[in-house]
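Here are some exercises to work through with the model open beside you. Try each task before you read its solution.

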Amino acid sequence: MVFFGDSITDGHSSTVDANLRYPDQVADRLLERPEAQQCGVLNSGISGNDLLTDAGTQGVSAMARFENDVLDQPGVHTVVLLEGINDIGNSEGAVEPEQLINVYRQFIERAHDHDIRVVGATITPYEGADYYTEAGEEDRQAVNEWIRNSGEFDALADYEAAVRDPDNPSRLLPAFNPGDNLHPNVEGYAGMADDLDLEEICAS
């Protein structure tokens, strides 16, 4: 399976060289299963990546790299899609939710054309981050509402619910916040990894 995303998938704020990014921790869970039920993990997260626009040294947009990083990879049955917070934050809410939803729909269609299932991941909280705005938060909530309830994904990874502060849902849980209010820490990544239904993501 491919984990496709931005810096959160790339493992920003996790311990360097410790293999504690959330896809690594999913891989650890998978290795605990009987050998016949194991499946591989490919991390295709790029820090700073946007859905819609190229990001200089951070590489081309998610739209541009989806074919190479997901569709052209051998043996892929499932992709976990966690992208969009940089589009929302960098635009200060100027990007409309429907623009992001249209890209997700393209990913779903293209993946299904290759018999690849798509797990939609809700965008995690970011209040307090450098590029946070109230308009952006409204967009994040609108996108997450669609991810949860549209029925267009094959499965759901509710990462927002896994890492948010129940007393302030627009923020990361303090125990999961390394200080930038955007990227979960190692414990937060563990919460994300634990949220995944392995039967769902390993289905072929």
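**Exercise 1. Work out which elements form a right-handed β-α-β unit with β4, and how β4 is paired and enclosed.**

Step 1. The right-handed unit consists of β4, helix α6 (residues 134-149) and β5. Right-handed means that, with the strands pointing away from the viewer, the path from the first strand over the helix to the second runs clockwise; helices (H or I, at least four residues) and strands (E, at least two) are DSSP runs, numbered from the N terminus. This is a predicted model, in which local features need pLDDT of at least 70 and side-chain atom pairs count only at pLDDT 80 or more, while totals for chains, interfaces and linings use all residues. Residues are numbered from 1 along each chain as its sequence is written, and side-chain values use heavy atoms, with hydrogens and water left out.

Step 2. Look at the pairing (two strands pair if DSSP finds at least two bridges between them). Three bridges join β4 to strand β5 (residues 155-157) in the parallel sense, with A121 partnered by A157. β3 also runs parallel to β4, over four bridges, and there V79 has V118 as its partner.

Step 3. Check burial (buried is under 20% relative accessible area, exposed over 50%, partly exposed in between, with a 1.4 Å probe and protein chains only). Five of the five residues of β4 (residues 117-121) are buried, so the strand is largely enclosed by the rest of the structure.

Step 4. Sort the directions. In a regular strand, side chains alternate between the two faces of the sheet. R117, V119 and A121 point one way from β4, and V118 and G120 the other way.

**Exercise 2. Find which residues of the largest nonpolar core touch the most other members.**

Step 1. A nonpolar core is a set of buried Ala, Val, Leu, Ile, Met, Phe, Trp, Tyr and Cys residues joined through side-chain atoms within 4.5 Å. Among its 31 residues, F4, V70, Y104, F107 and F153 touch the most other members.

Step 2. The largest share of this core, seven residues, comes from α5.

Step 3. Follow Y104 (contact means heavy atoms within 4.5 Å). Leaving aside neighbours within four places in sequence, its contacts include L51, L81, W146 and F153.

**Exercise 3. Describe the geometry of the aromatic pair F3 and Y22.**

Step 1. Rings of Phe, Tyr and Trp (its six-membered ring) pair if their centres lie within 6.5 Å; planes under 30 degrees apart count as stacked, over 60 as edge-to-face and the rest as tilted.

Step 2. F3 and Y22 are 5.4 Å apart centre to centre, with 90° between the planes, an edge-to-face pair. Both residues are buried.
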